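Let's take a walk through a protein fold together, one piece at a time. Keep the picture open and follow along as we go.

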Amino acid sequence: MTSVLVPAARFERWVLNFRGRHGETGLTVVDGALAGAADDGSTFTARLPFAAAYDGLPDAAGFAAGVAAPGDWGLLLVRKGGFAVARLAGEQTVASKVGQRHVQGRTKAGGQSQQRFARRRDNQARQAYEAAADHAARLLEGLRGPVVAGGDRPAVEEVLEDPRLRHLAVLDPWLPVPDPRRAVLEQALVDACSVQVVVTNADDS
């Protein structure tokens, strides 16, 4: 079983390629998702982004046309030492901030030196999370729609513990991004708006 994110503009082609690899594929709509079952036993389940339910015909073009980003939503990416926050209207970025904070790596030292190093590293990480929370609170204040998150889960969860952010509704998919940079943020925006497809090949064990 594999999961892929497919931009709406490429979804019809993706379904055609699936049929090319696995044979004639029947499409159905099940529980708000578009499901495909091929002659060779392979299947896929495609879901609209932002937890939207699809209730149209079992058709790839119609399903792709159902992809729409909310009028007001946010993106939060956090890893140790780096973060990216964006507020969006549809697919247009309204405001964003990308920041880095230095967090030391691991050390081979032992004893008290290692303990001091660990405390310093924890303090640096905490400061980085506080900076991420400050910018998220500023950019996402009064947000009416959902938030898509990614990066390091414990880091994101710690940022979201800030009382100013506890009202935010975080939706799947979780984005496994590297250290947030501007290019990473731009790709995450594309991924957040993409169709979420789970594929099970007939030969999967």
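Our starting point is a pair of strands in this predicted model: β5 and β8 run parallel to each other and are joined by five bridges. To find the pairing on screen, look for Leu75, which stands opposite Val148 in β8. As a reminder, strands of a sheet pair through backbone hydrogen bonds, either parallel or antiparallel.

Now look at the other partner of Val148: in β9, its bridge partner is Leu171. The strands β8 and β9 are parallel too, with three bridges joining them. How does the chain get from β8 to β9? The path goes through helix α4 (residues 153-160), and this β-α-β crossover is right-handed.

Stay with β8 a little longer. Is this strand enclosed or open? Five of the five residues of β8 are buried, so the strand is largely enclosed by the rest of the structure. In a regular strand the side chains alternate between the two faces of the sheet. In β8, Val147, Ala149 and Gly151 lie on one side, while Val148 and Gly150 lie on the other, and both faces are covered.

Next, turn to helix α5, residues 182-192. Which of its residues are buried? They are Val184, Leu185, Ala188, Leu189 and Ala192. Seen down the axis of α5, these buried residues fall within an arc of 145°, so they line one face of the helix. The spacing helps to make sense of this: an α-helix has 3.6 residues a turn, so residues three or four places apart point the same way. The buried residues of α5 pack against β8 as well as β5 (73-79), β6 (82-89), β7 (92-100) and β9 (170-175).

There is also another sheet to explore. Five strands form an open sheet with antiparallel pairing, in the order β1-β10-β4-β3-β2. Two strands stand at the edges, β1 (2-6) and β2 (25-30); each has a single partner strand, so one side of each is left without a neighbour in the sheet. On average, neighbouring strands here are turned by 20° against each other, direction ignored.

For a closer look at one edge, follow β1 to strand β10 (residues 195-200), its antiparallel partner over five bridges. Here Ser3 has Val198 in β10 as its bridge partner. Finally, find helix α1 (residues 8-22), which lies across β1, β2, β3 (33-38), β4 (43-47) and β10. This helix runs at about 170° to β4.

Definitions and conventions: Residues are numbered from 1 along each chain as its sequence is written. This is a predicted model: local features need pLDDT of at least 70, side-chain atom pairs count only at pLDDT 80 or more; totals for chains, interfaces and linings use all residues. Side-chain values use heavy atoms; hydrogens and water are left out. Two strands pair if DSSP finds at least two bridges between them. Helices (H or I, at least four residues) and strands (E, at least two) are DSSP runs, numbered from the N terminus. Axes are lines fitted to C-alpha atoms, for helices over the stretch in contact, and angles run from 0 to 180 degrees between N-to-C directions. Contact means heavy atoms within 4.5 Å. Buried means under 20% relative accessible area, exposed over 50%, partly exposed in between (1.4 Å probe, protein chains only). The arc is that of the directions from the helix axis to the C-beta atoms. A crossover is right-handed if, with the strands pointing away from the viewer, the path from the first strand over the helix to the second runs clockwise.
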